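Thanks for coming. I have one model to go through today, and I will keep it brief. Here it is on the screen.

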Amino acid sequence: MTPGMPVYATGFFKYYIKKLKYSLIMSRLVAKNQVIILRMKKIFIFLLCLIICSGTKARDGEPIKAAMDKVQLAFNLDDSGSPVYSVNYGDKAVIKPSHMGIKLLDDSSFDKHFTILKTEHKTVDETWDPVWGEVSHIRNHYEQMTVHLQQQNLPHRLIDIVFRVFDDGVGFRYEFPMQPNLQYFVVSDELTEFALTGDNKTFWIPGDYDSNEYPYTTSPISQVDASVLYKSEAEIAVRFVPDKYGIQTPLMMKTADGLYINIHEAALQNYTSMQLHVDTKTYKLTANLVADAVGNKAYMRTPCHTPWRTIIVSDKAGDILASKMILNLNEPSKISNTSWIKPMKFVGVWWEMQTGKSTWSYTDNLDVKDANGKLIPSGKHGATTANVKRYIDFAAKNSIQGLLVEGWNAGWEEWFGHWTEKPFDFVTPYPDFDIKAITSYAAFKGVKMIMHNETSGGATNYERQMDTAFKFMKSYGYVAVKTGYVGKIIPRGEHHDDQWMIDHYVRVAQKAAQYGIMLDAHEPVRPTGLQRTYPNWMACEAGRGNEYNAFGNGNNPDHETIMPFTRFMGGPMDYTPGIFRIKGYSTVPGRQVHTTLAKQLALYVVLYSPIQMAADIPDNYEKHMDAFQFIKDVAVDWDDTKIVEAEPGEYITTARKEKGTANWFVGAITNQNARNATIPLDFLDKEKKYVAIIYADADDADWQNNPEAYKITKFLVNADTKLNLKLANGGGAAVSISPAASEENGLQLYK
Ligand code: NOJ
Ligand code: CA
């Protein structure tokens, strides 16, 4: 070692001397002496910098801290030189001292014997405007603390841990700087722990490598057992839960002393996704990275970093829903011209297939042909030209901007369950779907078409076809695509949530952006705020949507009161709300939509997405056009959002102000228990009078016995009004509020 030089600098020194020697030889060869002098200068300035920076080395044993408001972070190395952190909220512990680190495939010692080279602190306070969102301005205010670590022993590798402490939580990630002894590496495990303070109430789904479409279980963390649901949830097409104690993020918890804690990740790119392993005895969670086909977790090259691990905390449940921490931890938009990205509502040739009224496929038997060698139509195909035109008419008449058509392309007869690579080519319509006629009719009626590309898990096939598919959509004027990944993944052995697929979903978003197409991905990994970076990525499914109420056992009445605290923490979901016909789809006892009709309306406000489907079929809407008025009116892009009241698993009331207007919309939902929601309208402009249209459960409504009973009332309201709304069992209420026109001043004032 060079005398007087800090340990970490020697590695760099050797590396740069090597580089220097190489430069000298090369430079001699080309006889460019000036270049040599310039390079030597640069190298010496760099080394000088390293030596000066080493002055801030912290003493081992003394925690290094950062804090914002009530959130405090402490970091230290333990006796074996392993990194340890803890998080407090005021005087309450949130995360007890917990280990951190990454395991490398080729270096079993990379988790300990570190020394702290230096720490850096900086504060950032900035505001940015999302292209679309729940609010139009977002403050990004945090203290950043970077801890530079180096292995004390050979090969003296470096790792930085970067913490960002916000008012509402902590994000941290591991960074691997460029360095002489670490260039390409394979992550075999991540050691990040979250040591909980007690047996928290937990809202969880199994840690499945392939699906997020489970119902939520509410239990103490000590009672987690993912194997039960893994076995019983046979309606989920592909599932793989290797760890009985594995659970998914975003994970929502409540402590016995009233703290709400949410654990997830932000900006998941170039890495695999993180699930959590639960120690049911000690209440410690450990990162469980989703493995790939050969059991590895991630393939990296320095300089690089992991996604952010996020811990959001508050003593108010509503603060968790209002948190913008995950978005703030993502990179700004990579799309410079975003003028073509437009939030919208859409209808779809969809629910009729989900409920068995029609089919995606054209024929019942692919192997039987008529005398002309043509397929014989079954007569049940949904995506026929005539049917699609009916949906276009309905959308145009009711100011719904978009239309999704599923089952338009050949291949559905064998779309899923065979693990074959190429059921679809994404450009061949069925014979009864006249794409040219449909395109001109939609354009004539001013309806935007949404393409459907179901891959059946064949990601390799989709990658090969993507350019062709996007060119095809563009040539017919489609503005968005809904992708799907029902089925086992190809490349075979990969999982929906592993690194290969995470890279794939991002490639699809990038490719879609290149063609000016908005994206709605079904069955991908759950979102982590990447919609900030790729704002054409409007929504994902990645959760148990309303569709389970059509073909399966459905979603429990508390489901939508949990989803905003879990699945929605990472980003918008295409939940497909708006089902008006609640019962009568199936003869299986108990099969029905598990809400009232009024609650379906409230979901447009409570469940945030910039694309919202009016998911039922026109026939069912036409029976309740007075209630459909709310779906026509409700906005999909917002200036402001207030969480009026919320308790996970119990109830949520949300108020949002439409972007660029003075209109507000309120959604209130409850679980299986009826409740009275009190909603102060103190967010309204004090100077103005408004008209509120209230879409509420009828007095005798009940999600099981009388779900379609609703009442609509209209009142004058102002900022002093307190609405008292009675929500039925499994019910809800939706309210639209707009400035009163002069002729409406005679309306009754709400009391
Ligand atoms: C599952 C999706 O979630 C659903 O919306 C779609 O209709 C089917 N796959 C077919 O692609
Ligand atoms: Ca799905």
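I'll begin with a glycine: Gly746 has a relative accessibility of 74%, and since exposed means over 50%, it counts as exposed. It sits in the segment after β36, the strand covering 732–739. Its C-alpha atom is 8.4 Å from that of Leu716, a residue 30 positions away along the chain. Please keep in mind that this is a predicted model.

Now the ligand. Which residues are closest to ligand 1? They are Trp350, Glu406, Glu454, Lys482 and His522, out of 14 residues that surround it. By type, that shell divides into six charged, five nonpolar and three polar residues.

Three glutamates make polar contacts with oxygen atoms of the ligand. For Glu406, a side-chain N or O atom is 2.5 Å from an oxygen of ligand 1. Glu523 has a polar side-chain atom 3.0 Å from a ligand oxygen, and for Glu541 the distance to an oxygen of ligand 1 is also 3.0 Å. As for cover, ligand 1 on its own exposes 300 Å², and the protein buries 96% of that.

Next, helix α9, residues 459–475. Does its length come out as expected or not? With 17 residues at 1.5 Å a residue, the helix should span 24 Å, and the C-alpha atoms at its ends are 23 Å apart, so the two agree. There is a bend in α9 of about 55° at Gln465. Gln465 is also among the buried residues of this helix, which include Tyr462, Met466, Ala469, Phe470 and Met473. On that pattern, a general point: an α-helix has 3.6 residues a turn, so residues three or four places apart point the same way.

Just ahead of that helix, in the loop between β24 (448–454) and α9, is Ser456. Its phi is near 55°, which is positive, and it is not a glycine. At 7% relative accessibility, Ser456 is buried. Phe426 also has a positive phi, about 70°, without being a glycine. That residue lies in the loop between β23 (402–405) and α8 (435–445). Is Phe426 buried or exposed? It is buried, because its relative accessible area is 1% and buried means under 20%.

Last, the cis peptide bonds. One runs from Leu154 to Pro155, with omega near 5°, and Pro155 is in the loop between β7 (138–151) and β8 (158–166). Another joins Ile490 and Pro491, with omega about 25°. Pro491 is found in the loop between β25 (480–484) and α10 (499–514).

Conventions: Residues are numbered from 1 along each chain as its sequence is written. Chains are lettered from A and ligands numbered from 1 in the order in which they are written. This is a predicted model: local features need pLDDT of at least 70, side-chain atom pairs count only at pLDDT 80 or more; totals for chains, interfaces and linings use all residues. Side-chain values use heavy atoms; hydrogens and water are left out. A residue is near a molecule or strand if one of its heavy atoms lies within 4 Å of it. A polar contact is a pair of N or O atoms within 3.5 Å; within protein, one must be able to donate a hydrogen and the other to accept it, and residues adjacent in sequence count only if both atoms are side-chain atoms. Accessible areas come from the Shrake-Rupley method with a 1.4 Å probe; for residues, only the protein chains shown count as cover. Ala, Val, Leu, Ile, Met, Phe, Trp, Tyr, Cys and Pro count as nonpolar, Asp, Glu, Lys and Arg as charged, and the others, Gly among them, as polar. Helices (H or I, at least four residues) and strands (E, at least two) are DSSP runs, numbered from the N terminus. Buried means under 20% relative accessible area, exposed over 50%, partly exposed in between (1.4 Å probe, protein chains only). The expected span of a helix is 1.5 Å times one less than its number of residues. The bend at a residue is the angle between axes fitted to the seven residues ending there and the seven starting there.
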